[in-house]
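Hi,

Here is the structure I said I would pass on. Have a look at it first, and then read my notes underneath.

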Amino acid sequence: MIDIERRRALKAGGIFAAFAAAGLLPAGRARAAWNKAAFEGKTVQEALASIGASTTAASDDVQIIASDIAENGAVVPVQVVSRVPGTTQIVLFVEKNPNVLAGIFDIGPDVAADVTTRIKMMQTSNVAAVVKADGRFLASVKEIKVTLGGCGG
Amino acid sequence: MANPMRIRAAAKDGITEVRVLMNHEMETGQRRDASGAVVPAWFIQEVSARLNDKDVMSAQWGPSIAKNPYFAFKIKGGKAGDTVSVTWVDNRGDTRTDNAKVT
Amino acid sequence: MAARTKVAVAAAACVAIALGFAGVAQEKDDAAKGIEAYRQALKDGNPAELFEMAGEELWLKPAGPRNASLEKCDLGLGPGVVEGAYARLPRYFADTDRVQDLESRLLTCMETLQGIDTRAHVEARFGTPKKDELVALATYVAGMSKDRPVDVAASHPKERAMFELGRRMFFYQAGPHDFSCATCHAQEGRRIRMQDLPYIPAKEGAAAGWTSWPAYRVSAGQMWSMQWRINDCFRQQRFPEPVYASDMTVALSMFMAATANGSTMATPGIKR
Amino acid sequence: MSSIGTCAALAAAILAFAADARAQSWGPGADDKAFAEMLRTGFRNAGPVSVDRLVQDDTQAFCSDPAVANSAAGAKRAEQLEAANLAAVKWPSDGRFLGDWRAGERIAQSGRGLTWTDAPNQANGGNCYNCHQISMAEISHGTLGPSLHNYAKLKGTDEQALRDAWAKIWNSKSSNACSNMPRAGHMGILKEKDIQDIMALLFSPDSPVNK
């Protein structure tokens, strides 16, 4: 079920080398390396600047689907759906986390602009989704409350 | 070595819905252990997915993604019998690839 | 350019915050509804599945001095029968002349089939490798009873005695806080903080507890077996620590399982 | 500590309790001897917590069998236990019932202390929000106990109201033998000052409880 050979190759040569060698990455579409500056951003604007977002505008076409309250901040389910035509990227922020950027999802032509994951939240905070489409950045914000747990807390 | 992922992929009406559970600590680097020492950051940084070896999805993650990450997305196209494969790479350079047949 | 970004995001944030402060009277209902939505969102994609996979691997892997797997382990339905076995535990086993829950029985199989001295497994703290093995195995076995009816009638005299001991234990108060299991689990429709407390002396509540463990605890990102659940209840009760797989723990499980008899297994679960 | 000595003491304590109680509601196989043996093999010392904690006092023993506690004979026994618990209440040594409500709120929020994973020097919490609604600002509250919101408005702030609340917090069994509430002062969970602070949380006009 798991391709042992491929995994060895990955471990030995690094993922990009391996895929390039195996012809798995389309030429000219080798992905950017992990955006260290953006992930180390302490504020939303710092992180946005690091992904090249100069301005953002609020949009109803960007939707954050999440419960208003999280029973536990360690695991908070969040779905982001973009109805903005030409969406190429979905970026998820948690305003009050020590590092605000949670994830960057590249939306190629073969996937829907609809991703679901689970994030950690240190405390009650705004969660922001920023969508890149045709060079524009559109945003939506939702507050999610984090409650204290039972017994010892 | 990293433990396997659980991948489910189901095709319906021309869309393949993929749901992935990954085995990973996703340690933030902010936490302290019982002795007060900082537990070093250890988290998945890059995730990519392929449908029959065609690259369809990639993502970059920070330590704010929850432990034992869950990731769901929708591929345009795909049919029963196709193969979805998912790869992650963490900040230590460890990596894991698993495959699943589309149902 | 950063300044303009800030304004836009801040403006959007203000809208969200303003909405968040809607009427205090609404707050309580909204909180309960919000938590319910949260729980629903978690159900799709339970990381417990990762532990089921790990448990199956352990079940099949030769280990111990005899280099044997657990595939011939008799969980009550005959050697090697895993499917449906958890829904019929705890039960009396003639070979050990004991009533055993799943985890106690797993220890027996590790001893008899693999030749492992399980004292270290019993002693080990939860969250350490030896206990992790047992929890993964329990998760795998319990998952193989998902959607099956609980079939624990406690009809054998030793099973009946275990049930009675468990019921008596459930009401046993001690420690600096005067807590018993009943302190939290013998009133209907109550909660601790935001967590609903099952009313264990009746079928519905016993089922809510019994049929949903082992469960993935999102708070710690840990998989907990029923033994771990019971262990941590006693910790919070300010009791001394339960001995793993002891008759006391089996008795409480028998009390819950038999009270939940006929309800449907929902293992493995996912909890806050 | 000798574990054999502890176990013997434990078994003796349990059997003594059994001799005191009648009309037990436990079926065959759960007699006192079997139950004592189950307790002996069922628990171990961990961290700062020893198996000595399994030894019950009169109140705990009485309340551990609901069939007895709820019987007609039980009602009389409950009154005796309430009187004994009330007599054991220690009143504030400086005569002050009310401390600092902000400190009280912190104690009410905390559920820490006295478990086998707590450090022995861990300050004990009051566990109050686990069971009670108190300040409306805290939405994560339990419902095992009644809401304490508007406590002073509902109960008044006269001497009797203060004494009643003090007695309830110090020793909840002083007015209800089998109350689910811990005996915070009596069992040494909270100190006198902690209880003064919690009292202020309930009674102070500045406290969010009364807003």
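Let me start with a pair of helices in chain C: H4(C) and H6(C) cross in a right-handed sense. Bear in mind throughout that this is a predicted model. Helix H4 covers residues 102–112 of chain C, and its axis comes within 10 Å of that of H6(C), at a crossing angle of roughly 115°. Angles from 65 to 115 degrees count as roughly perpendicular, and that is why H4(C) is described as roughly perpendicular to H6(C). On the H4(C) side, the contact uses Leu102(C), Glu103(C) and Leu106(C). H6(C) answers with Leu134(C), Leu137(C), Ala138(C), Val141(C) and Ala142(C). By type, that contact has seven nonpolar residues, one charged and no polar.

H6(C) has another partner that you may want to display alongside. Helix H3 (residues 48–60) of chain C packs against H6 (residues 129–143) of chain C at an angle of about 100°, and their axes are 7 Å apart. H3(C) and H6(C) are therefore roughly perpendicular to each other as well. From H3(C), the residues involved are Ala48(C), Phe51(C), Glu52(C), Ala54(C), Gly55(C), Glu56(C), Leu58(C) and Trp59(C). From H6(C) they are Glu133(C), Ala136(C), Leu137(C), Thr139(C), Tyr140(C) and Gly143(C). This contact divides into eight nonpolar, three polar and three charged residues. Leu137(C) is worth selecting, as it takes part in the contact with H3(C) and in the contact with H4(C).

Stepping back to chain C as a whole, there are eleven helices and eight strands. The chain has 272 residues, and 52% of them count as buried. Of its contacts with a separation of 6 or more, 69% are between residues 24 or more positions apart.

Some of those strands form an open sheet. Three strands of chain C line up in the order E6-E5-E8, with mixed pairing. The edges are strand E6 (222–224) and strand E8 (269–271) of chain C, each pairing on one side only. From one strand to the next, the twist averages 30°. Strand E5 (residues 215–217) of chain C runs antiparallel to E6(C), and three bridges join the two. If you want a spot to zoom in on, Arg217(C) stands opposite Gln222(C) in E6(C).

Now for the interface with chain D. How many residues of chain C are in contact with chain D? There are 39, and they meet 46 residues of chain D. Several elements give two or more residues to the chain C side, among them helix H2 (24–43), helix H10 (226–236) and helix H11 (247–259) of chain C. The largest share, six residues, comes from H7(C). That side of the interface divides into 17 nonpolar, nine polar and 13 charged residues.

Strand pairing also links the two chains. E7(C) and strand E1 (residues 43–44) of chain D run antiparallel and are joined by two bridges. Within E1(D), Phe43(D) is the bridge partner of Pro242(C).

One last stop, this time within chain D. In helix H6 (residues 101–109) of chain D, the buried residues are Trp101(D), Gly104(D), Glu105(D), Ile107(D), Ala108(D) and Gln109(D). What covers them includes helix H7 (128–131) and helix H10 (192–203) of chain D.

Cheers

Definitions and conventions:
Residues numbered from 1 in each chain as written. Chains lettered and ligands numbered in written order. Predicted model: local features only at pLDDT ≥ 70, side-chain atom pairs only at ≥ 80, totals over all residues. Buried ≥ 20, exposed ≤ 12 C-beta atoms within 10 Å, placed from the backbone. Helix = DSSP H or I, 4+ residues; strand = E, 2+ residues; numbered from the N terminus. Contact = placed C-beta atoms within 7 Å. Nonpolar A, V, L, I, M, F, W, Y, C, P; charged D, E, K, R; others polar. Pairing = 2+ DSSP bridges. Axes fitted to C-alpha atoms, helices over the stretch in contact; angles between N-to-C directions. Parallel < 35°, antiparallel > 145°, perpendicular 65-115°, else oblique. Left-handed = near helix turned anticlockwise from the far one by under 90°.
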